[in-house]
Amino acid sequence: MVIMMTTRLQIEQKFLLENLPQPALAYDKCEVCCQKTESAGHLLWECPLARNVWALCRGKIQKCSNDAQDFFALFWMQADRLTKMELDRWATISWAIWNARNKFYFEKIQQHPKAIMEGAIAYLDEYQKLAAATRTL
Ligand SMILES: [Zn+2]
């Protein structure tokens, strides 16, 4: 009797596990590396895609610690140690990594870390030129 109940319970559990909607479980994992829980800190700093982008960055930004628990802690850590220009660069690269994550997530297109970095730097250069031009008006 106990064996029959165990078997029936196992069959019910197996049925439930196979038929539960899986996306709810998938949201917990990073879509890019499928290894860690997806969080802003992971996506923008710890994920191998992000690390490969940051590795292309020279100076203090590349050598930043990666032990922040969340994105805001990471931001404040950077704000304390970087100049305004370095922080602008850091924020723009973070934004580009987030966009690359969304491109992968929604379009299944993975950008090369060098393309992500070059796009971020070009965007920041264009923004700074426009900001300088509007200051002279
Ligand atoms: Zn990841």
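Here's a short back-and-forth about helix H6 in a predicted model.

Me: What should I know about numbering and confidence?
Reply: Residues are numbered from 1 along each chain as its sequence is written. Since the model is predicted, local features need pLDDT of at least 70 and side-chain atom pairs count only at pLDDT 80 or more, while totals for chains, interfaces and linings use all residues.

Me: What makes residues 84-107 a helix called H6?
Reply: Helices are DSSP runs of H or I with at least four residues (strands are E, at least two), numbered from the N terminus. H6 has 24 residues, and the protein has seven helices and zero strands.

Me: How do you know the span of H6 is close to the expected one?
Reply: The expected span is 1.5 Å times one less than the number of residues. That gives 34 Å for H6, and its first-to-last C-alpha distance is 34 Å.

Me: Why is Trp-90 called buried?
Reply: Buried takes 20 or more other C-beta atoms within 10 Å of a residue's own (12 or fewer is exposed, in between partly exposed; C-beta atoms are placed from the backbone). Trp-90 is on the buried list of H6, along with others including Ile-93 and Arg-101.

Me: Why are H6 and H7 called oblique?
Reply: Their axes come within 9 Å and cross at roughly 130°. Under 35 degrees is roughly parallel, over 145 roughly antiparallel, 65 to 115 roughly perpendicular and the rest oblique, so H6 and H7 are oblique to each other. The contact includes Ile-93 and Ala-96 of H6 and Ala-120 and Tyr-123 of H7, with contact meaning C-beta atoms, placed from the backbone, within 7 Å.

Note on methods:
Axes are lines fitted to C-alpha atoms, for helices over the stretch in contact, and angles run from 0 to 180 degrees between N-to-C directions. Two residues are in contact if their C-beta atoms, placed from the backbone, lie within 7 Å.
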